[in-house]
Amino acid sequence: MLLAIDCGNTNTVFSIWDGTRFLCTLRTSTEHQRTADQYFVWFKTLLAHHGIDAKINAVVISSTVPRVVFNLRVLSDRYFNCRPLVVGKPDCRLPVDVRVDAGTQVGPDRLVNTVAGYDLYGGDLIIVDFGTATTFDVVDHDGAYIGGVIAPGVNLSLQALHEAAAALPHIDVTKPDRVIGTNTVDCMQSGVFWGYVGLIDGICERIKAERGRAMKVIATGGLAPLFQQGTDMFDMFEDDLTMHGLTVIHEHNKEG
Ligand SMILES: Nc1ncnc2c1ncn2[C@@H]1O[C@H](COP(=O)(O)OP(=O)(O)OP(=O)(O)O)[C@@H](O)[C@H]1O
Ligand SMILES: CC(C)(CO)[C@@H](O)C(=O)NCCC(=O)O
Ligand SMILES: [K+]
């Protein structure tokens, strides 16, 4: 079975793929200090809790945090007796082209999203991923990643507002009923929620105009369902787009 690991700047997700479906998905915070032994204790404990007996014999990793890859490699080697496939490394082949400025290191999560989006929906896509950053990945008609947009993540924006202004509390994002807030929290929620709705609509419209062609918009990431309530820009919502992309890349590299 395949262990797919998606390591973001905030959270790291492990999913077990049996070739047909994901048996389980486990989430932990991303910390580069975490050792292979610590990962394994956590992993084993939760698998036992869920009653899953998985024989892992392959590992595929996407990591936006280079430092964590070392311990994940040790985990694969020591506990699963295999060499992991790491997206973005020269020995990991992608089924799509990457057409960006020479020397640019595209985030592996964006490449994986591109592969997944093209596999599920074909080309001419905008993929919006609400993670630590909010990213827009633009996929050409032939599946190539051709660039995109990086905006500050929703929770990051709220955190920055709280840290920079003494009178502004820490709050979570929700959808306010009205735009005009009549107290501090409502004002902040409005700024972030409706501000991001404007950002989503504006950027997608401008990308479509710049490309001059019809494009489908796919939303993914923890906050996508919330923003779906404020915009009709999204054609599709995919819960586990990155995980799907990791399985596609694993298959592609098996094929010789
Ligand atoms: N209503 C909500 N308010 C705040 N956060 C939410 C809400 N719904 C979901 N989330 C957050 O979404 C996150 C899951 O999103 P996702 O895995 O896409 O990104 P991330 O883990 O935050 O970022 P990264 O992948 O960059 O590490 C969870 O951490 C959860 O806290
Ligand atoms: C933008 C993030 C942080 C989103 O996870 C990640 O994809 C990343 O670190 N990217 C590197 C720069 C780039 O993608 O162009
Ligand atoms: K993510």
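**Figure 1. Domain 1 and domain 2 bury about 710 Å² between them.** Carbon and sulfur atoms account for 69% of that buried area. On the domain 1 side, look for Asp 6, Phe 22 and Ser 62, which lose the most area to domain 2. Together these three residues make up 51% of what domain 1 buries. If you are hunting for salt bridges between domain 1 and domain 2, the count is zero. Please keep in mind that this is a predicted model.

**Figure 2. The chain is divided into two domains, domain 1 (2-86) and domain 2 (108-245).** How many residues does each domain bring to the contact? Domain 1 supplies 12 residues and domain 2 supplies eight. Taken over C-alpha atoms, the centres of domain 1 and domain 2 are separated by 26 Å.

**Figure 3. The largest pocket lies between domain 1 and domain 2, because both give residues to its lining.** The space in this pocket comes to about 920 Å³. Its lining is made of 39 residues, and those nearest the centre are Asp 6, Asp 109, Asp 129, Gly 131 and Thr 242. Asp 6 may be familiar from the first view, as one of the domain 1 residues that lose the most area to domain 2.

**Figure 4. Strands and helices both help to line the largest pocket.** The strands that give two or more residues are β1 (2-7), β2 (11-17), β3 (22-29), β6 (125-130), β7 (133-139) and β8 (145-152). The helices that do so are α3 (108-121), α7 (241-254). Which element gives the most to this lining? That is β8, with five residues. Sorted by class, the lining has 19 polar, 13 nonpolar and seven charged residues.

**Figure 5. The second largest pocket holds about 370 Å³ of space.** It is lined by 14 residues. To find the centre of this pocket, start from Val 87, Gly 88, Gln 105, Val 106 and Pro 108, the lining residues closest to it. By class, eight residues of the lining are nonpolar, five are polar and one is charged.

Technical notes. Residues numbered from 1 in each chain as written. Chains lettered and ligands numbered in written order. Predicted model: local features only at pLDDT ≥ 70, side-chain atom pairs only at ≥ 80, totals over all residues. Heavy atoms only, no water. 1 Å grid on protein atoms, 1.4 Å probe; cavity = no way out; pocket = protein on both sides within 12 Å on 5 of 7 lines; lining within 4 Å. Points joined across faces, edges and corners; volume = space filled by probe spheres on them. Helix = DSSP H or I, 4+ residues; strand = E, 2+ residues; numbered from the N terminus. Nonpolar A, V, L, I, M, F, W, Y, C, P; charged D, E, K, R; others polar. Domains from an automatic or database assignment. Contact = heavy atoms within 4.5 Å. Buried area = accessible area lost by both parts, 1.4 Å probe. Salt bridge = Lys/Arg side-chain N within 4 Å of Asp/Glu carboxyl O.
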